[in-house]
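User: I would like a close look at a single part of this model. Start from one residue, then work outward to the pockets and helices.

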Amino acid sequence: MAEISVMALYEQITENHSKFLETLSHKFLDEDRKAALQRFESVGFPTKKDEEYKYTNLREITEKGYNFFPKEGHNITKEQLEQLHLGEENFDWITFVNGKLRKELSNVSIENVEFLSFNYALNDDNHKDVFDKYFNTIASKDSAFTNLNQAYCKYGFFLKVPKNVVIEKPIHVFYISQNQEENTFYNTRNLLIVEEGAKVEIIESHHNFDSTYVLTNSVTEIFTYPNAKADWHKLQNDNDTSYLIDSTFAKQEKDSLTTVNTFSFGGKLVRNNLDFIQNGSNINSFMNGITIIGKDQLVDHHTAVHHNQPNCESYQNYKGIYSGNSHGVFNGKVFVDKIAQKTNAYQQNNNVLLSEGATIDTKPQLEIFADDVKCSHGCTVGQLNEDALFYLRARGISKKEAQALLLYAFANDAMQNIDIEPLKEKISKLLAEKLEVDIEF
């Protein structure tokens, strides 16, 4: 235990890998895992000298030691889990505790789909062809964290929605860590395949119940086929002893629609890497984000959209509200290939700083090689409008409530494409909670 606490993460990664491979029942990915570890070791963790991480210092994470083998024992109750719910009586929910799927804490009524825990799917010979076709085909092999995830991934889920199957209920996936006496390292892997004409909505949230630190390195791959629709909502509201590195890759075929919404309220340090690959015509890609943080929290959004085919659209709308000594980062990229004519790409990042100690680094980027396109990008950084604040206060509204109303209006358009009412209500409540006001929007 003392050794774990003093050994830096990089050394632990190298020393624990052979032991980790011995814990796995499946062996067909062993060589891929070893190759991924070698790629990781060749570059190590990114530092502030790397352009993609120049505003995000990872030393706080990488200089800690972690346990790579979480204890499975827990005492999570259904009542505790209900407090995390969104009031979703009409939802399905899937609960992982300390990495393991807990059926007794899950409520899954979805039919006509293939759903398995990731570890179980890896051990199922019937799914070997699926993994050969999809696993790690769109995740970046140049990223230290995706390589590290491939080397160590074990937890998470595999979901395949067959052709023309519409899942009516949203699926809320909980990742919970509890009863870990040491800092703990999770490498979560999700694989979602939405076949032609199918539809699914997923909500993902992570929760650390301990005072020890949790580092989650999560990779999600989404494949959306023609005329299919996939929505993935990330609700990030963990405690101050949580680190999250989230890398999501979405590949779309013609006439499909994929949305990834990221709502960041909690966690000590959160990095969201989001890549969309458009692989057909008439594709729509939506990325929305709301970040509301304070104290010394850091949330970093890095997005990229690859317009590879003509007649496609992408929409990015990220709003940030920062108080205390918090730090926000937004780096959004749009790439338009020379054959991707008639592309319509929109990218906007707006930020409000509520205190002198809060900072934001924002860098929207366009790389366009086609000539018949409509592409726009922009960013703003400012404070609340004093005239609007005075107008509300003159009508008997307290300063905090007036601020909350203005900030809700500021963030609201980033929620417009959410058709899950309990999720909208939860975000509104979190906004009020973060702004320390008792108000319903």
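In which strand does serine 218 lie?

Analyst: Serine 218 lies in strand S8, residues 214–224. The model is predicted. Serine 218 has a relative accessible area of 0%. The cut-off for buried is under 20%, so serine 218 is buried. Leaving aside residues up to four places away in sequence, serine 218 touches Asn149, Thr188, Asn190, Glu204, Ile245, Asp246 and Ser247.

Now the pockets. The largest pocket has a volume of about 600 Å³. Its lining has 28 residues, and the closest to its centre are Gly99, Lys100, Leu101, Ser117 and Asn119. Five elements are listed as giving two or more residues to this lining: strand S2 (100–101), strand S3 (114–117), helix H6 (118–122), strand S4 (155–161) and strand S6 (184–194). By class, the lining of the largest pocket splits into 14 nonpolar, 10 polar and 4 charged residues.

The second largest pocket has a volume of about 500 Å³. The residues that line the second largest pocket number 26. Glu52, Tyr53, Ser143, Arg271 and Asn273 lie nearest its centre. At least two lining residues each come from helix H8 (144–152), strand S10 (242–252), strand S12 (269–278), strand S14 (298–307) and strand S16 (327–336). The lining of the second largest pocket holds 10 nonpolar, 10 polar and 6 charged residues.

Next, two helices. Helix H2 covers residues 9–22. At 1.5 Å a residue, its 14 residues should span 20 Å, and the end C-alpha atoms are 20 Å apart, which agrees. H2 nevertheless bends by about 45 degrees at asparagine 16. Asparagine 16 is also among the buried residues of H2. The others are Leu9, Gln12, Ile13, His17, Phe20 and Leu21. An α-helix has 3.6 residues a turn, so residues three or four places apart point the same way.

Helix H10 (residues 399–412) also has 14 residues. From first C-alpha to last, H10 reaches 20 Å, close to the 20 Å expected at 1.5 Å a residue. Buried in H10 are Ala402, Ala404, Leu406, Leu407, Phe410 and Ala411. These buried residues pack against three strands and two helices. The strands are S13 (284–293), S15 (313–322) and S17 (344–353). The helices are H9 (386–393) and H11 (421–434).

Note on methods
Residues are numbered from 1 along each chain as its sequence is written. This is a predicted model: local features need pLDDT of at least 70, side-chain atom pairs count only at pLDDT 80 or more; totals for chains, interfaces and linings use all residues. Side-chain values use heavy atoms; hydrogens and water are left out. On a 1 Å grid over the protein atoms alone, a cavity is a set of points where a 1.4 Å probe fits but cannot get out, and a pocket is an open set with protein on both sides within 12 Å along at least five of seven lines; lining residues have an atom within 4 Å of a point. Grid points are joined across faces, edges and corners, and a volume is the space filled by probe spheres set on the points. Helices (H or I, at least four residues) and strands (E, at least two) are DSSP runs, numbered from the N terminus. Ala, Val, Leu, Ile, Met, Phe, Trp, Tyr, Cys and Pro count as nonpolar, Asp, Glu, Lys and Arg as charged, and the others, Gly among them, as polar. The expected span of a helix is 1.5 Å times one less than its number of residues. Buried means under 20% relative accessible area, exposed over 50%, partly exposed in between (1.4 Å probe, protein chains only). Contact means heavy atoms within 4.5 Å. The bend at a residue is the angle between axes fitted to the seven residues ending there and the seven starting there.
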